Amino acid sequence: MIESVHEFSIAEALAVQVQSHAPAKGRIKLVEILVGALRGLEPESLTMCWQAVTIDTPLEGSSLQVELLPWSLECGNCGRKWTSPVPFVACACGNDSPVPTAGDELDLIAITVDEEEEPEP
Ligand SMILES: [Zn+2]
C-alpha cells in the first residue's frame, strides 16, 4: 500500500514539532492531534505514516491519535452556521452550497510521556 505524499509530509512535520516539545526525560507514548475536515486527511493513513517517519527517532514506538473535527459550514443565503460530519449538505433554507468556514486546523493537543523509561540515546 502506497501512502499519500500529503499524509507523509504532514507526519514528518508533526514529528519535528513533537520532538521540539518533548521533555528531556522520559519516552513519548502517545501523541494526540486535532485535524480539521478541510485537510482531507485519512486518520489511518496518517497513523501509518507516523510509524514510518518515527522509526530510528526518539519517537519510535509512540502512537498517534487523530481526532477529526466536523465541518464548520455557513450558509451564504440566510447566514446560518452549523457543523456537520459531511461537507455537502443543504441548509434548512434550501441553499445547497454552504461554505466551509473552518476546517484547516492541525493542532497538537497532547503528548503523553512515560517517565519511567529513558529514551534511547
Ligand atoms: Zn440557509
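This is a short dialogue on reading one helix and one sheet.

User: What kind of model is this, and how are residues numbered?

Analyst: It is a predicted model: local features need pLDDT of at least 70, side-chain atom pairs count only at pLDDT 80 or more, and totals for chains, interfaces and linings use all residues. Residues are numbered from 1 along each chain as its sequence is written.

User: Which residues of helix 1 are buried?

Analyst: Helices (H or I, at least four residues) and strands (E, at least two) are DSSP runs, numbered from the N terminus. A residue is buried if 20 or more other C-beta atoms lie within 10 Å of its own, exposed if 12 or fewer, and partly exposed in between, with C-beta atoms placed from the backbone. In helix 1 the buried ones are E7, I10, A11, L14, A15 and V18.

User: Why do they line one face?

Analyst: An α-helix has 3.6 residues a turn, so residues three or four places apart point the same way. Down the axis of helix 1, the buried residues fall within an arc of 145° (directions from the helix axis to the C-beta atoms), so they line one face. The face turned away from the buried side carries exposed V5, S9, A13, V16 and S20.

User: Which strands stand at the edges of the open sheet?

Analyst: Two strands pair if DSSP finds at least two bridges between them. The open sheet has 3 strands in the order 4-3-5, with antiparallel pairing. Strand 4 (81-84) and strand 5 (99-102) stand at the edges; each has a single partner strand, so one side of each lacks a neighbour in the sheet.

User: How many bridges join strand 3 and strand 5?

Analyst: Strand 3 (residues 71-74) pairs with strand 5 over 3 bridges, in the antiparallel sense. L73 stands opposite P100 in strand 5.
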